Amino acid sequence: MRRFLVTGGAGFIGSNFVRMVLSEHADALIVNLDKLTYAGNLENLAEFLEHQNHKFVRGDICDAALVDQVIDEHQIDTIVNFAAESHVDRSITGPKAFIEANVTGTLTLLEAARDKDMERFVQISTDEVYGSLGPEGKFTEQTPLSPNSPYSASKAAADHLVRAFGHTWGVKYNITRCSNNYGPYQFPEKLIPLMINNALGDKDLPVYGDGLYVRDWLYVYDHCTAIWQVLQKAPPGEIYNIGGCNEKANLEVINLILDRLDKPKSLIKHVADRPGHDRRYAIDASKAINELDWKPSVSFEQGINKTIDWYLQNREWLENIVSGDYQKYYQSMYENR
Ligand code: NAD
Ligand code: TYD
């Protein structure tokens, strides 16, 4: 049985990964280490909390003693690091937390992986480390890192540390860099769930700038299967871009959501742009597709329908989030914008 330490497994992508592994792979033990920040939510894993192959530990990846103890107690052989501060807008209003979680946290895990001679360390990174594209071209694994936001700078710093631990101490690592994920359990600070939530409540939809910024959307389940294939097939030291081949301008996505929910276009409100806003991301995922026996299984039209249906069927999950501290966040980010 393979024994994983999954960090950040109560967040959006991490919880989808834990669900997929526990549902589809009986020979995997998952110890899920999560600090439960505002973005971590055990409701995401309600039906798996008592699963015999899942142990949840509340804690910080910066806590070296705890990380060592968890690895020893459960004889962990593989670390998959999802834990991070993940929202660009929050990194602009408060970058320090991003350095702590994303850089110091990754460093702490790498030291444990090195000292315990871990079989594999998989770092979940982002295409945002490459910076922004003009109207043409795609990011490949050879594109130089050129991060533009405090979030992407902290993720790029972590990627450099991972590579350096491989080069200096022989830590066996992989780095995955994926495009924007969407799907069930995404915290409603990111574009798609925020717009679904606002549209359901007949609230304005705040579109930054001209709304023509382009993202390459990846259905979260497809991201999780790609990570699983990395764990099965990737040689150490390899980096993989993971994307859904679904480039869309923000307004196109928002219009689709309004149409599906039968809400008027008059809800769209253009607001002040994000400082330093990256214009376009697009991923060349051919290395992952050619070498990992993986490909995205869901088109954007299918994925957005599944996602909207999930939010419609899980109004209580959404309500529990937006009725709490979220109100304060929303006011500080959007009031007077
Ligand atoms: P998320 O914000 O939904 O979840 C992050 C999780 O990490 C939360 O459960 C939180 O409690 C936990 N966490 C934060 N700091 C921690 C710490 N110090 N110790 C332990 N746990 C901590 O994020 P997500 O969208 O699921 O993203 C997961 C990973 O994927 C991140 O590394 C992110 O950079 C990367 N990524 C996300 C996207 C996307 O579209 N969401 C795209 C590319 C890459
Ligand atoms: P986001 O979901 O924050 O992901 P990222 O910035 O990491 O790509 O944003 C996706 C796009 O949507 C980005 O171009 C910013 C834009 N956006 C809005 O126009 N309004 C919003 O309220 C949010 C959250 C994002």
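**Reading helix α1, Ile289 and ligand 2**

In this predicted model, helix α1 is mostly covered, with 11 of its 13 residues buried. Residues are numbered from 1 along each chain as its sequence is written, and side-chain values use heavy atoms, with hydrogens and water left out.

Me: What makes a residue of α1 count as buried?
Reply: Buried means under 20% relative accessible area, exposed over 50%, and partly exposed in between (1.4 Å probe, protein chains only). Phe12, Phe17 and Leu22 are among the buried residues of α1.

Me: How do you know that the span of helix α1 agrees with its number of residues?
Reply: The expected span is 1.5 Å times one less than the number of residues. For the 13 residues of α1 (12-24) that gives 18 Å, and the end C-alpha atoms are 18 Å apart, so the two agree. Helices here are DSSP runs (H or I, at least four residues).

Me: Why is Ile289 called partly exposed?
Reply: Its relative accessibility is 33%, which falls between the 20% and 50% limits, so Ile289 counts as partly exposed. Ile289 is found in helix α9 (residues 286-291).

Me: Which residues is Ile289 in contact with, leaving aside its neighbours within four places in sequence?
Reply: They are Trp294, Lys295 and Pro296; contact means heavy atoms within 4.5 Å.

Me: What makes the pairing of Tyr334 with ligand 2 a polar contact?
Reply: A polar contact is a pair of N or O atoms within 3.5 Å. A side-chain N or O atom of Tyr334 is 2.7 Å from an oxygen atom of ligand 2, so the pair qualifies.

Conventions
Chains are lettered from A and ligands numbered from 1 in the order in which they are written. This is a predicted model: local features need pLDDT of at least 70, side-chain atom pairs count only at pLDDT 80 or more; totals for chains, interfaces and linings use all residues. Helices (H or I, at least four residues) and strands (E, at least two) are DSSP runs, numbered from the N terminus. A polar contact is a pair of N or O atoms within 3.5 Å; within protein, one must be able to donate a hydrogen and the other to accept it, and residues adjacent in sequence count only if both atoms are side-chain atoms.
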